[in-house]
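Trainee: I would like to learn how to read a model of this kind, one feature at a time. Where should we begin?

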Amino acid sequence: MIIIGIAGGTGSGKTTVVNKIINSFPQGEVAVIPQDSYYKDLSHIPMEDRNKINFDEPDAIEWPLLVKHLQMLRDGRSIDMPTYSYLTCTRQPETVDVRPTDVVIVEGILVLTDPVLRDMMDIKVFVDADADDRLIRVIARDCIERGRTPQMVIDRYQDVLKPMHCQYIEPCKRFADLIVPQGGSNIVAINLLTDYIDSRLRKAKA
């Protein structure tokens with residue numbers, strides 16, 4: 001099994017990179033573990049206080065559970081991956097059955113910040129993009145998917161996203177084996193990554 005960590009700022013194009021990797025391999029050969037599925041459950045906190053929680057710092061993630069699940073997959077065991085609601089900030093009763101595959105991608109803005117998780121990765125990738133481009137994508141996404149107004153998104157970007165990016169996410173570049181500039185539009189970098197993954201798989205199966 002090859003474990004790949006893909007990090008980068010919000011709106012950098014991580015999902016596009018992940019999807020292009022998935023589409024480069026036979027169906028069922030790549031499993032994706034989103035960091036966002038492992039946000040801590042806030043159901044014990046009053047609803048009005050949940051909006052005050054900072055979801056862009058490492059403490060918002062239940063890292064021990066993510067590490068445990070990744071270890072189980074590496075040991076050949078299936079996991080019940082949690083699901084999370086951004087609207088209620090709570091973990092949902094439904095889970096997703098994830099089975100061991102040749103390639104497992106751990107994807108999220110903070111996945112390179114946790115040293116234990118980082119040490120489990122065979123390949124560490126940082127998806128980079130211009131700050132203006134990221135902001136435009138975040139506005140489009142949050143207005144459509146999360147019911148926020150453009151002004152709400154801009155205020156959150158200035159108050160939370162930008163400072164957390166500078167404090168936690170940007171410094172993770174130094175841990176990356178590969179930096180993908182221009183996000184998901186960098187076909188050359190993505191092809192290099194998929195070719196490397198393919199060569200690792202061929203070598204492991206030889």
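Mentor: We go from the overall fold to single side chains.

Mentor: Keep in mind throughout that this is a predicted model.

Trainee: What does the secondary structure of the chain come to?

Mentor: Seven helices and seven strands. Their order along the sequence is β-α-β-α-α-β-β-β-α-β-α-α-β-α.

Trainee: How does the radius of gyration of the chain agree with that of a compact globule?

Mentor: The chain has 206 residues, and for that number a compact globule would have a radius of gyration near 17 Å. The value for the chain is 17 Å, so the two agree. Along the principal axes, the C-alpha atoms fill a box of roughly 55 × 35 × 30 Å.

Trainee: What share of the residues counts as buried?

Mentor: Of the 206 residues, 47% are buried. The chain exposes about 10500 Å², and 52% of that area comes from carbon and sulfur atoms. For contacts with a separation of 6 or more, 74% join residues that are 24 or more positions apart.

Trainee: Now the rings. How is a pair of aromatic rings described?

Mentor: By the distance of the centres and the angle of the planes. In this structure there are two aromatic pairs. One of them joins Y39 and F55, with 5.4 Å from centre to centre and 90 degrees between the planes, which is edge-to-face.

Trainee: Which parts of the chain does the pair of Y39 and F55 tie together?

Mentor: Y39 lies in the loop between β2 (30-34) and α2 (47-50), while F55 lies in the loop between α2 and α3 (63-74), so the pair links parts that are 16 residues apart in sequence. Both Y39 and F55 are buried.

Trainee: How far apart are the ring centres of Y39 and Y84, and at what angle are their planes?

Mentor: The centres are 5.5 Å apart and the planes stand at 45 degrees, so this pair is tilted. Y84 is in strand β3 (residues 79-85) and Y39 in the loop between β2 and α2, so parts 45 residues apart in sequence are tied together. Y39 has a relative accessible area of 6%, and Y84 has a relative accessibility of 13%. Since buried means under 20%, both residues count as buried. Y39, F55 and Y84 form one aromatic cluster.

Trainee: Which residue lies over the face of F175?

Mentor: R118 does, at 3.6 Å from the ring centre.

Trainee: How many disulfides does a search of the whole structure find?

Mentor: Zero. C166, for instance, is in no disulfide, and the nearest cysteine sulfur, that of C172, is 13 Å away.

Trainee: Is C166 buried or exposed?

Mentor: Exposed, with a relative accessibility of 51%. C89, by contrast, is buried at 5%.

Trainee: Let us finish with one residue in a strand. Where is the place of M81?

Mentor: M81 is in strand β3, and its relative accessibility of 6% counts as buried.

Trainee: Which residues does M81 touch, not counting those up to four places away in sequence?

Mentor: With that exclusion, M81 touches V32, I33, P34, S37, Y38, H69, T95, V96 and V98. As a separate distance, the C-alpha atoms of M81 and L65 are separated by 9.6 Å, and these two residues are 16 residues apart along the chain.

Key: Residues are numbered from 1 along each chain as its sequence is written. This is a predicted model: local features need pLDDT of at least 70, side-chain atom pairs count only at pLDDT 80 or more; totals for chains, interfaces and linings use all residues. Side-chain values use heavy atoms; hydrogens and water are left out. Rings of Phe, Tyr and Trp (its six-membered ring) pair if their centres lie within 6.5 Å; planes under 30 degrees apart count as stacked, over 60 as edge-to-face and the rest as tilted. Helices (H or I, at least four residues) and strands (E, at least two) are DSSP runs, numbered from the N terminus. Buried means under 20% relative accessible area, exposed over 50%, partly exposed in between (1.4 Å probe, protein chains only). A charge sits over a ring if NZ of Lys or CZ of Arg is within 6 Å of the ring centre and within 35 degrees of the ring normal. The radius of gyration is taken over C-alpha atoms; the globule rule is 2.2 Å times the number of residues to the power 0.38. Contact means heavy atoms within 4.5 Å. Accessible areas come from the Shrake-Rupley method with a 1.4 Å probe; for residues, only the protein chains shown count as cover. A disulfide is a pair of cysteine sulfur atoms within 2.5 Å.
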